[in-house]
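Let's take a look at how the two chains sit against each other. Here is the model, followed by a short tour of the interface.

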Number of protein chains: 2
Amino acid sequence: MSNAIFYHAGCPVCVSAESRILDVIDHNKVNLEIVHFGKGQANRIPEAEAHGVKSVPALVIDGEVLHINFGASMEDVKNG
Amino acid sequence: MSNAIFYHAGCPVCVSAESRILDVIDHNKVNLEIVHFGKGQANRIPEAEAHGVKSVPALVIDGEVLHINFGASMEDVKNG
């Protein structure tokens, strides 16, 4: 199994990308966790940055970051 | 079934993203085509641009573009 974390901040670009990713990912091969910084999960911001997340939405798969389109920078997220 | 096209140009960022996408996508739900502009498929550039692809690697799922990280702009791709 791969472990994947989808980080987002509720922006329209994030929501659209989340929907696509949920549609196409193989849930039998991938443990997918969704982290929404805007919904009580701002404490996960340092972890995302440690993975190398620069903007959201981002999908981290086994530690490798895929930035998907551009919704907001992590600076914007932190300044919320 | 969803139809997805992964456009790339052979750049390291493209190759890495391709590998991740192939790993996690559900091939039972998604018809995935790989288009490599550098390998005789430069004729697909106008089609990619028509989908809204601005940079590679990009994954177009049922017409919606997900730009994944940044390897090269389409201008760079066209200028070879």
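Between chain B and chain A, twelve residue pairs are in polar contact, with both partners at pLDDT 80 or more; keep in mind that this is a predicted model. On the chain B side that touches chain A, α1 (12-24) and β4 (64-73) each supply at least two residues. The biggest giver there is α1(B), which puts in seven residues. Sorted by character, the residues on that side of chain B come out as ten nonpolar, three polar and six charged.

Charged pairs show up across the interface too: the rule finds four salt bridges between chain B and chain A. One of the salt bridges joins the side chains of A:Glu64 and B:Arg20, at 2.9 Å from N to O.

Here are the residue counts for the contact, chain by chain:

| Chain | Residues in the contact |
|---|---|
| chain B | 19 residues |
| chain A | 19 residues |

As for area, about 1,700 Å² is buried between chain B and chain A, and carbon and sulfur atoms give 50% of that.

How does chain B map onto chain A? A turn of 180 degrees with a shift of 0.0 Å along the axis lays chain B on chain A, with an RMSD of 0.0 Å. The two copies are therefore related as by a two-fold rotation axis. Both copies use the same surface, too: 100% of the contact residues of chain B recur in chain A.

Conventions:
Residues are numbered from 1 along each chain as its sequence is written. Chains are lettered from A and ligands numbered from 1 in the order in which they are written. This is a predicted model: local features need pLDDT of at least 70, side-chain atom pairs count only at pLDDT 80 or more; totals for chains, interfaces and linings use all residues. Side-chain values use heavy atoms; hydrogens and water are left out. Copies are superposed by least squares on the C-alpha atoms of residues with pLDDT of at least 70 in both. Contact means heavy atoms within 4.5 Å. Buried area is the accessible area (1.4 Å probe) that two parts lose on being put together, summed over both. A polar contact is a pair of N or O atoms within 3.5 Å; within protein, one must be able to donate a hydrogen and the other to accept it, and residues adjacent in sequence count only if both atoms are side-chain atoms. Helices (H or I, at least four residues) and strands (E, at least two) are DSSP runs, numbered from the N terminus. Ala, Val, Leu, Ile, Met, Phe, Trp, Tyr, Cys and Pro count as nonpolar, Asp, Glu, Lys and Arg as charged, and the others, Gly among them, as polar.
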